[in-house]
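Dear colleague,

I am passing on to you the structure below, with my notes on it underneath. Please read the notes with the coordinates open beside them.

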Amino acid sequence: MTGTGNPLINIAIFGAFVLATLVVVIRVTRNSEKRAGSFYTGGAAFSGRQNGLAITGDYLSAATFLGVPGAIAIYGYDGLLYSVGFFVALLLALYLVAEPLRNTGQYTMADVLSFRMNQRPVRTAAALSTLTVSFVYLLAQMAGAGGLVALLLGVTDPAGQSLVIAIVGVVMIVYVLIGGMKGTTWVQMIKATLLFAGGAVMAIWVMAKNGFNLSTLLGNAAAVHPKGDAVLQPMLQYGASPITKLSFVSLAIALILGPSGLPHVLMRFYTVPTAKEARRSAVYAIALVGTFFLFTLVLGYGALQLVGYDTILKAPGKANSAAPLLALNLGGEVFMGLISGVAFATILAVVAGLTITASASFAHDFYNAVLKHGRSDPAQEVKVARITAVVIGVLAIVGGIAANGQNIAFLVSLAFAIAASANLPSILMTLYWKKFTTRGSVWSIYTGLASSILLIVFSPAISSPTWTNPVAWFPLTSPAIVSIPLAFLAGWLGTVTSREPADAELLAEMEVRSMTGAGAAEAVAH
Amino acid sequence: MTHPTTPPGAPTDPPDPEYHLPAHHWPLPEMTVLETHPHPTGTLYQQVRASADFQKLRRAFRSFAFPTVVAVIVWYLFYVIGSVLADPGQPSLMGTKVLGNLTLGMLIGLLQFPTTWLATWFYVRRMNTTLDPLAKRIREQIEAEAKA
């Protein structure tokens, strides 16, 4: 069975999703003020519960819904790592960054990084790293859209897929220009609800077919895998050599540290009014995301059991089509159309969130703080942000067409590795190491950014698809295990060689504000 | 800030709430002049940072948050390192079936979910009961100082 559902039903459902979300975006933004705050953070007016749902939406991207069940269906145990690492990462975000960020910043990650430093060098570095991470993540989502559409609409020729990627890009630009952060957040909330419900229905359905016994499901799934029981045991994917095993560890580190450095996730903590609401939103997100990742385990092994190993690998989207094919197997064409519509909405919403983050960072951190020395008027800044959004949208369309056919989970893991290397060390040292200086921060960001990108370029993942090719002189597929320590080291080195010590007044202000929330209202009102 | 300047008895639109008061009560004194956003100064923050209350708050946060984060990362790395000790196709500790077809490694992976939820609950409880009241007291102190 290689059927991919009924393309007409799928197109109709996709269209309905796009229309419905556009109506929502227009409705929720009709009466809102045209201010920088409303464009970037929806006026910081979302409740913790709403924002928790939106974080869940940002977190459960195409890679999660399509990539993770696919990885579990093909590699079993090794695919589960994505779920565990990505989930535990949220806890670190809650413990170490969510509340301090809300208390000390206003719109972007750079607000916190530059709080007690020289504004221009730190903001420039942070904006560059935000744009890089967001763009790589964006490419992954666009490539995902191409693959999904290939599977669902029966569009197999490259020109048709490119057209669909272009449509995704245009719809995303429209969301962002009309809705800003408020509209995008609402789309995220709707999509998270639908995705969660869809995942739950499918997981319960799979469990019902196995007598609600996880062991039975695992046994039935292993029975149809060509490697049998090995799919329940570690190292089916990463066990080839000590080098591949080290890649697994490196990937695990990127997964757990990356999310706390992902600018579009961090920006979510600014869409609530107080640190307490930021805490609440992280808690909601942890509850929902964790439950969803438990579903992905069932979906992955369920797809293996019910759809079959060969069918998944022969489908147009390969492993990424495991979840939609499972939906087809369970509920037929209409159900598959609905699930795929949800996946499509997921891509649109995540892509819109990424675009807002990147354009906000460019306008707020680079245009205003660096080019205009912090003196541009907010209207001008928002205008720049909107133009940037269009530029990023166009670049994402071009890049997405170029990246079409690449493995989504791989592209996302690269974004994670870059975020974990370029952003997280600097964020942690800014918040928790009092001696940290401007030079340390700038060195840490550029070292993390450059080392992670270079190591990716020279890794087997890019240089060659095989382990034996000598062109790939860096042998690991994930750079995190090297680039994160390097970024910390550079931060330390930059700090101890600084001519001027850390600013004691600003350090005191940042520490007191981040821990008590004093002056946070001021930050909102600016 | 705009206090009615019209004499008592004069009809205003909308009707002034002080309209019905006897003339010698008018005008009523301003209750408080609230600055909407107090602007604390850098030196005040330095004083606060050095204060016993703030040091206590900082210690209270770090003494529970840092150990928990370390414990969570160790527990996660235990799962990751344990997994790479196995070889494909060979019997291994993490590949041992413990509950039906569920292997020990998968069980440890799945156990990361309840432990993460537990750590979340622990964080919220600690923040709500211990740290929030302390932080609130310091915040109010800062806002009062800044106003004075």
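**Thr355 and its surroundings**

Once its neighbours within four places in sequence are left aside, Thr355(A) is in contact with Leu138(A), Met172(A), Val176(A), Ala389(A) and Ile392(A). Please bear in mind here, and in everything that follows, that this is a predicted model. Thr355(A) belongs to helix α14 of chain A, which covers residues 322–371, and because its relative accessible area is 0%, under the 20% limit, Thr355(A) is counted as buried.

**Other residues of chain A**

A second threonine, Thr193(A), sits in helix α8 of chain A, and at a relative accessibility of 43% this residue counts as partly exposed. Thr193(A) and Leu53(A) are separated by 140 residues in sequence, yet the distance between them in space, taken from C-alpha to C-alpha, is 7.6 Å.

Two residues may deserve a look at their backbone angles. Phe212(A) has a phi near 50°, which is a positive value in a residue other than glycine, and Phe212(A) is found in the loop that runs between α8 (158–209) and α9 (214–224) of chain A. Met235(A) likewise has a positive phi although it is a residue other than glycine, with a value near 75°, and its place is in the loop between α9 and α10 (242–257) of chain A. Are these residues buried or exposed? Phe212(A) counts as exposed, because its relative accessibility is 56% and the limit is over 50%, whereas Met235(A), at 0% relative accessibility, counts as buried.

**Chain B by itself**

Chain B has three helices and two strands, and along the sequence these follow the pattern α-α-β-β-α. Of its 148 residues, 34% count as buried, and the accessible surface of chain B amounts to about 9100 Å², with 65% of this belonging to carbon and sulfur atoms. Among the contacts in chain B with a separation of 6 or more, 56% are accounted for by residues that lie 24 or more positions apart.

**Where chain B meets chain A**

On each side of this interface the count is given by residues in contact, with 60 residues of chain B touching 60 residues of chain A. The area buried between chain B and chain A is about 5300 Å², and carbon and sulfur atoms give 71% of it. The residues of chain B that lose the most area to chain A are Tyr45(B), Tyr76(B) and Phe113(B), which together make up 13% of what that side buries.

As for charged and polar pairs, six salt bridges are counted between chain B and chain A, and the side chains of Lys97(B) and Asp229(A) meet in a salt bridge with an N to O distance of 2.7 Å. The rule for polar contacts finds 20 residue pairs across the interface of chain B and chain A, both residues of a pair being at pLDDT 80 or more.

On the side of chain B that touches chain A, the elements that give two or more residues are α1 (42–50), α2 (52–84), β1 (97–99), β2 (102–103) and α3 (104–147) of chain B. Of these, α3(B) gives the most, with 21 residues. By residue type, the side of chain B that touches chain A divides into 35 nonpolar, 17 polar and eight charged residues.

With kind regards

Terms used. Residues are numbered from 1 along each chain as its sequence is written. Chains are lettered from A and ligands numbered from 1 in the order in which they are written. This is a predicted model: local features need pLDDT of at least 70, side-chain atom pairs count only at pLDDT 80 or more; totals for chains, interfaces and linings use all residues. Side-chain values use heavy atoms; hydrogens and water are left out. Contact means heavy atoms within 4.5 Å. Buried area is the accessible area (1.4 Å probe) that two parts lose on being put together, summed over both. A salt bridge is a side-chain nitrogen of Lys or Arg within 4 Å of a carboxyl oxygen of Asp or Glu. A polar contact is a pair of N or O atoms within 3.5 Å; within protein, one must be able to donate a hydrogen and the other to accept it, and residues adjacent in sequence count only if both atoms are side-chain atoms. Helices (H or I, at least four residues) and strands (E, at least two) are DSSP runs, numbered from the N terminus. Ala, Val, Leu, Ile, Met, Phe, Trp, Tyr, Cys and Pro count as nonpolar, Asp, Glu, Lys and Arg as charged, and the others, Gly among them, as polar. Buried means under 20% relative accessible area, exposed over 50%, partly exposed in between (1.4 Å probe, protein chains only). Accessible areas come from the Shrake-Rupley method with a 1.4 Å probe; for residues, only the protein chains shown count as cover.
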